[in-house]
Structure formats: C-alpha cells, structure tokens
Amino acid sequence: MTPKTRGARLRLARQARGFKSASLAAQAMGIPVSTYVAHERAEASGRDFGPDVARRYARRFGVTPEWLLTGWGHGPSDDPNAPLPDRP
C-alpha cells in the first residue's frame, strides 16, 4: 500500500534503499540533515518538497519523482520496467 503523504513515501523509499536513518541519507546526498528531516516530516512541519527535489531523491532511491510527489508511479518495490497502472 502506498503511503498517503510525500514525507511517508520519502521515508519508505529511503528505508528500501538501505539507509537506516534520515541523517545518513542526507549526508550521502550532501544536503543539510535538517532539510532532509523536514521533508520526511512534511505532513507535520509544513515544509514540503517540490519537483526538482523529488527528482534528486528519486534518482538516489530508485523510485519515480511522480511516486514521491503523488503516490502514482514506480515505488521502491516496483519493477521499473513494468507498465504503470491506469490512474484512478
């Protein structure tokens, strides 16, 4: 089941790629830990990420930017070569 929020999808993608903490993921990408943590907690803090940042996260975590932003697309356990389902 796809998480409902961007922050929850980002957290799931990070964990699926083997990063045990948000801090480790942020350091690996060279971004401030506080920024990354705020993005994972976007639903609580009001700090969200947009398409440019989603593309960067998607490349690192092996998902599509669309999945991070909307929940539609290829998530961390999906075959990237499989056809996408129809939008609801």
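**Notebook: helix packing and aromatic pairs**

Entry 1, α1 and α3. I began with the packing of α1 on α3, where the two helices pack at an angle of about 115 degrees with their axes 7 Å apart. I note at the outset that this is a predicted model. Looking up which residues make the contact, I found that G7, A8, L10, R11 and R14 on the α1 side meet Y36, H39 and E40 on the α3 side. Sorted by class, the residues of this contact divide into three nonpolar, two polar and three charged.

Entry 2, α2 and α5. I then turned to α2 (22-29) and helix α5 (residues 51-61), which pack at an angle of about 100 degrees, with 12 Å between their axes. I therefore recorded α2 as roughly perpendicular to α5. The residues that meet are A25, A28 and M29 from α2 and R56, Y57, R60 and F61 from α5. By class, I listed five nonpolar and two charged residues in the contact of α2 with α5, and no polar ones.

Entry 3, the buried side of α2. Which residues of α2 are buried? I found A22, A25, A26 and M29. These residues cover an arc of only 100 degrees around the axis, so I placed them on the same side of α2. The spacing is easier to read with the helix repeat in mind, because an α-helix has 3.6 residues a turn and residues three or four places apart point the same way. When I followed the buried residues of α2 outward, I found them packing against α1, α3 and α5. Just after α2, I noted that G30 takes a positive phi of about 70 degrees.

Entry 4, the two faces of α5. For α5 I listed A54, Y57, A58 and F61 as the buried residues. Seen down the axis of α5, they fall within an arc of 105 degrees, so I described them as lining one face of the helix. On the face turned away from that buried side, I found the exposed residues D52 and R59. The buried residues of α5 pack against α1, α2, α3 (33-40) and α6 (65-70). Just after α5, I recorded a positive phi of about 70 degrees at G62.

Entry 5, aromatic pairs. How many aromatic pairs does the structure hold? I counted five. One of them is formed by F19 and F61, which I logged as edge-to-face, with 5.9 Å centre to centre and 70 degrees between the planes. This pair links distant parts of the chain, since F19 sits in the loop between α1 (6-16) and α2 (22-29), while F61 belongs to helix α5, 42 residues apart. I checked burial for both rings: F19 counts as buried because its relative accessibility is 17%, and F61 counts as buried because its relative accessibility is 2%.

I looked next at Y57 and F61, whose ring centres lie 6.4 Å apart with planes at 25 degrees, so I entered the pair as stacked. Both residues lie in helix α5, four residues apart, about one turn of the helix. Y57 is buried, as is F61.

Entry 6, the ring cluster. Which residues do the ring pairs link into a cluster? I wrote down F19, Y36, F49, Y57 and F61. Reading this list against the earlier entries, I noted that Y36 is one of the α3 residues in the contact with α1, and that Y57 and F61 are among the α5 residues that meet α2.

Conventions. Residues numbered from 1 in each chain as written. Predicted model: local features only at pLDDT ≥ 70, side-chain atom pairs only at ≥ 80, totals over all residues. Heavy atoms only, no water. Phe/Tyr/Trp six-rings, centres within 6.5 Å; stacked < 30°, edge-to-face > 60°. Buried < 20%, exposed > 50% of the residue type's maximum accessible area, 1.4 Å probe, protein only. Axes fitted to C-alpha atoms, helices over the stretch in contact; angles between N-to-C directions. Parallel < 35°, antiparallel > 145°, perpendicular 65-115°, else oblique. Contact = heavy atoms within 4.5 Å. Nonpolar A, V, L, I, M, F, W, Y, C, P; charged D, E, K, R; others polar. Arc of directions from axis to C-beta.
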